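Open the model in a viewer with a cartoon and switchable side chains. The stops below say what to select and what is there.

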Amino acid sequence: MKSELTRQAKQTLSFDPLQVTIIKVIGQSKYLPSFPGIPDQHFITDSEAGRGLITKREVRLAILSLLQPAPGDIGWDIGAGCGGVAVEWALWNPLGTVHAIEHHAIRFDCLQQNQQRFGVVDNLKPVNGRAPEVLSDLPAANKIFIGGSDGELPNLLESLWEDLPLNGVIVASAVMETSRVQLIQFAQSMSDRTPNRCDVETLQVAISKGGQLAGQLLYRPSLTVTLFKFTKTVVNTS
């Protein structure tokens with residue numbers, strides 16, 4: 001990806017058709033992803049390697065599958081944490097733009113470091129602030145992921161849905177029971193208030209990872225994550 005310095009050099013310097021170009025990569029990581037599903041330990045987080053506030057790989061892939069990133073998309077990752085979803089979203093959809101909103105200072109710093117580590121400096125835009133306050137300053141989104149809402153999930157869903165364009169998508173995750181119930185209630189309200197205008201898809205991701213205990217294989221379960229996908233569809237007039 002070309003930096004601003006490279007673009008300026010290209011405008012002011014001329015090069016011979018036969019040349020050798022040496023590219024020096026700046027960054028802390030020697031890991032270059034070649035396929036979606038970056039192992040958790042490669043992210044910089046607010047905790048030990050592979051832990052901290054990032055959406056874990058298996059859940060991250062499910063979220064991206066629901067979002068279905070496409071060229072030209074403008075995405076918002078609300079409550080981006082250390083940037084697990086936002087980084088992969090931007091990395092595998094270089095022709096789209098992802099705005100990652102995070103207010104926590106340490107996590108926002110991790111987000112910025114991961115942006116640099118994985119080279120998504122052109123189409124990943126870290127935003128330090130809270131939703132919905134900072135959203136009015138951003139380009140309108142057609143793909144939205146809500147990973148955290150600081151207890152404002154019902155109001156946030158309502159306001160985001162009103163401004164969502166036709167065929168736009170909102171994906172939200174919940175670990176706590178309160179958030180899961182709020183997503184179920186919103187899904188029901190969409191069915192009652194806007195028939196034929198909202199397509200709802202939901203699933204739960206329950207992962208158990210293998211480890212060792214007393215020299216034996218043991219599967220340790222992670223917390224179950226509930227995902228909802230809301231798609232604003234064209235009204236059926238037939």
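Begin with the cysteines: the model, which is a predicted one, has 0 disulfides. Select Cys82 and Cys110 and show their sulfur atoms. Why is there no bond between Cys82 and Cys110? The sulfur of Cys82 has its closest cysteine sulfur in Cys110, at 4.0 Å, and a disulfide needs the two within 2.5 Å, so the pair is too far apart for a bond. Seen from the other end, the closest cysteine sulfur to Cys110 is that of Cys82, again at 4.0 Å. Both residues are buried: Cys82 has a relative accessibility of 0%, and Cys110 has 4%.

Keep Cys82 on screen and add Arg107, a residue of helix H4. Beyond its neighbours within four places in sequence, Arg107 is in contact with Asp46, Leu53, Gly81, Cys82 and Glu102. Arg107 counts as partly exposed, with a relative accessibility of 23%. For a distance label, pick the C-alpha atoms of Arg107 and Gly52: the two residues are 55 apart along the chain, and these atoms are separated by 9.2 Å.

Stay in helix H4 and move to Gln115. Is Gln115 buried or exposed? Gln115 is buried, because its relative accessible area of 9% falls under the 20% cut-off. Now show the backbone of Leu124: its oxygen lies 2.7 Å from a polar atom of the Gln115 side chain. Leu124 is also one of the residues that Gln115 touches; Val87, Val120, Val121 and Pro126 are the others, with residues up to four places away in sequence not counted.

Next, select strand E4, residues 143-146. What covers the two faces can be checked by side chain: Lys143 and Phe145 point to one side, Ile144 and Ile146 to the other, and all four are buried. In a regular strand, side chains alternate between the two faces of the sheet.

Add the partners of strand E4. Strand E1, residues 74-78, pairs with E4 in the parallel sense over 4 bridges. Within that pairing, Asp77 has Phe145 as its bridge partner in E4. Strand E5 also runs parallel to E4, and 4 bridges join the two. Here Lys143 has Val169 as its bridge partner in E5.

Centre the view on Phe145. Which residues does Phe145 contact, apart from neighbours within four places in sequence? They are Ile63, Leu67, Trp76, Asp77, Ile78, Val85, Trp89, Val171, Ala172 and Ser173. Asp77 in this list is thus both a contact and a bridge partner of Phe145.

From Phe145, widen the selection to the largest nonpolar core, which has 32 residues. The members that touch the most others are Ile63, Leu67, Trp89, Leu124, Phe145, Val171 and Leu227. Colour by element of secondary structure to see where the core comes from: helix H2 (57-67), helix H3 (84-92), strand E2 (97-102), helix H4 (105-117), strand E5 (169-174) and strand E9 (225-232) each give two or more residues. Apart from this core lies another, of 27 residues, including Ile78, Ile101, Leu156 and Leu160. In soluble globular proteins, nonpolar side chains tend to be buried together.

Now go to strands E7, residues 208-213, and E8, residues 216-221. The two pair in the antiparallel sense over 6 bridges, and Ser208 stands opposite Pro221 in E8. E7 and E8 form a hairpin with 2 residues between them. Select Ala214 in the turn to find a positive phi of about 55°.

Step back along the chain to Ala206, in the loop between strand E6 (198-205) and E7. Ala206 is exposed, since its relative accessible area is 56% and the cut-off is over 50%. Draw a C-alpha to C-alpha distance from Ala206 to Val225: it spans 6.6 Å, with the residues 19 apart in sequence.

Finish with the whole chain in view. Its secondary structure comprises 6 helices and 9 strands. Of its 238 residues, 39% count as buried. Switch to a surface: the chain exposes about 13,800 Å², with carbon and sulfur atoms supplying 54% of that area. Among contacts between residues at least 6 apart in sequence, 69% join residues at least 24 apart.

Definitions and conventions:
Residues numbered from 1 in each chain as written. Predicted model: local features only at pLDDT ≥ 70, side-chain atom pairs only at ≥ 80, totals over all residues. Heavy atoms only, no water. Pairing = 2+ DSSP bridges. Buried < 20%, exposed > 50% of the residue type's maximum accessible area, 1.4 Å probe, protein only. Contact = heavy atoms within 4.5 Å. Areas by Shrake-Rupley, 256 points an atom, 1.4 Å probe, with all protein chains shown as cover. Core = buried A, V, L, I, M, F, W, Y, C linked by side-chain atoms within 4.5 Å. Polar contact = N/O pair within 3.5 Å; in protein donor to acceptor, adjacent residues only side chain to side chain.
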